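Good morning, and thank you for coming. I should like to walk through one structure with you, beginning with how its helices pack and then turning to its open and enclosed spaces.

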Amino acid sequence: MSQLFSPLTIRAVEVRNRLWVAPMCQYSAEDGIPNDWHHVHLAQFASGGAGLVMAEATAVVPEGRITPEDTGIWNDEQRDAWRPIVTAIHDRGAVAAIQLAHAGRKASTYTPFAAERGTVPATEGGWQPLAPSAVAFDGYARPDELDTTEIDDLVTAFADGARRSLEAGFEVLEIHAAHGYLLHEFLSPLSNRRTDEYGGSLENRARLLLRIVEAVRAAAPDAPLFVRFSATDWAEGGWDVADTATVSTWAHEHGADLIDVSSGGLVAHQRITTGPGYQVPFAHEIRTTTGLSVSAVGEITTGTQAEQILADGAADAIMAGREWLRDPHFGLRAADELDEDASVWPPQYVRARRR
């Protein structure tokens, strides 16, 4: 058996293979409630052979949405709307995961489908963004700085979101601390200018994330818990892979099981060099430095490429995004590339398998 199609057990959850669907925002919800689009979008990946299917960045409070059209998990109506979607993923053999998120200073923005760009005004359903410091992202509204009471409330909101996610049937939880959103904003000195216990030193900048990891673990004592980091800001003086390795270790000590390694998104002046597997070296370094389980992402488009990443010891699992959008049966194609048996294929589709 290839490594890509070998199972991976995290706590008591066995994932049938290591080719997973990364969280991808759909900007298609109303009042945070997922709908038929999300149902079909996510279930198709399970039919297509994914081992784990992760729902998009899902806000734990209304003002934590990236856009007014983002999904949420801050109330029971949203929880109940997620249930049939989770069931559909499970029924097709995959593990259902959800990414718990807060967009911080990048909240209340127009969707990519809109003609407008930047912050949505209150007159159009927007709201005042919140952040560690009153420092705006390029072209967006200036956020208000969170006070310590609001920070405490956020810790509770993440724990409540975790509890509702389990009630909806999700088996795996991920805390979003990447891509320039709230927790990444606290981590990076480029966006965190605070002088209290949440700013300054690395320990202080990581304090909120670690409190949230601990609170989510208490709310979900048995569930696998991932943390997604941007391994680097791709900008001088910013957060880097050494910081990521250090805080990943701390997160593990507070209850995290796997580190989901991405990069970038914090500042508009980032300078990213892309290419096939361009973020994999970050995952490899964090895995080697810390000894923790990691997933890798970034222009991974074939089964052969994914298998080589695992064979090289760069990661324990593969997260893919755009390739699943291009081909919702990416897992079936990858199995054929690696000459795997037909077990990943739904019986309804086996007759289409190339011999």
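Let us begin with helix 3, residues 148–168, and helix 6, residues 207–219, which pack at an angle of about 35° with their axes 8 Å apart. Please bear in mind throughout that this is a predicted model. Helix 3 and helix 6 pass each other in a right-handed crossing. On the side of helix 3, the contact is formed by I151, D152, V155, F158, A159, A162 and L166. Helix 6 answers with L208, R211, I212, A215, V216 and A219. In terms of residue class, this contact contains eleven nonpolar residues, two charged residues and no polar ones.

Helix 3 also meets helix 2. Their axes are 8 Å apart, and the packing angle is about 40°. Angles that are neither under 35 degrees, nor over 145, nor from 65 to 115 count as oblique, and helix 2 and helix 3 are therefore oblique to each other. Their crossing, too, is right-handed. Helix 2 brings D76, R79, W82, R83 and V86 to this contact, while helix 3 brings R164, E167 and A168. What classes of residue make up the contact of helix 2 with helix 3? Five are charged, three are nonpolar and none is polar.

The third pair consists of helix 1, residues 36–47, and helix 2, residues 76–91. Here the axes come within 8 Å and cross at roughly 20°. Since angles under 35 degrees count as roughly parallel, helix 1 and helix 2 are therefore roughly parallel to each other. The crossing of helix 1 and helix 2 is right-handed. From helix 1, the residues H38, H39, L42, A43 and A46 meet W82, P84, I85, A88 and I89 of helix 2. Eight residues of this contact are nonpolar and two are polar, with no charged residue among them. W82 of helix 2 thus appears in the contact with helix 1 and again in the contact with helix 3.

I now turn to the pockets. The largest pocket has a volume of about 970 Å³. It is lined by 38 residues, of which P23, H179, R228, S262 and R322 are the closest to its centre. Which element supplies the largest share of this lining? That is helix 10, with four residues. Helix 10 spans 322–326, and strand 12, at 317–320, likewise supplies at least two residues of the lining. By class, the lining of the largest pocket comprises 18 nonpolar, 14 polar and six charged residues.

The second largest pocket holds about 220 Å³ of space. Its lining consists of Y27, I66, T67, K106, T109, Y110, P112, R117, G118, Y140 and Y181. Six of these residues are nonpolar, three are polar and two are charged.

Finally, we come to the enclosed space. How many cavities of 30 Å³ or more does the structure hold? The structure holds one, and its volume is about 40 Å³. A57, T58, A59, G64, R65, I66, D70, T71 and A101 line this cavity. Strand 4, residues 52–59, contributes three residues, the largest share of the lining. The cavity lining divides into four nonpolar, three polar and two charged residues. I would draw your attention to I66, which lines the cavity and also lines the second largest pocket.

To close, let me return to the helix contacts. The contact of helix 3 with helix 6 has eleven nonpolar and two charged residues, whereas that of helix 2 with helix 3 has three nonpolar and five charged. Thank you; I shall be glad to take questions.

Conventions
Residues are numbered from 1 along each chain as its sequence is written. This is a predicted model: local features need pLDDT of at least 70, side-chain atom pairs count only at pLDDT 80 or more; totals for chains, interfaces and linings use all residues. Side-chain values use heavy atoms; hydrogens and water are left out. On a 1 Å grid over the protein atoms alone, a cavity is a set of points where a 1.4 Å probe fits but cannot get out, and a pocket is an open set with protein on both sides within 12 Å along at least five of seven lines; lining residues have an atom within 4 Å of a point. Grid points are joined across faces, edges and corners, and a volume is the space filled by probe spheres set on the points. Ala, Val, Leu, Ile, Met, Phe, Trp, Tyr, Cys and Pro count as nonpolar, Asp, Glu, Lys and Arg as charged, and the others, Gly among them, as polar. Axes are lines fitted to C-alpha atoms, for helices over the stretch in contact, and angles run from 0 to 180 degrees between N-to-C directions. A crossing is left-handed if the near helix is turned anticlockwise from the far one by less than a right angle, and right-handed if clockwise. Contact means heavy atoms within 4.5 Å.
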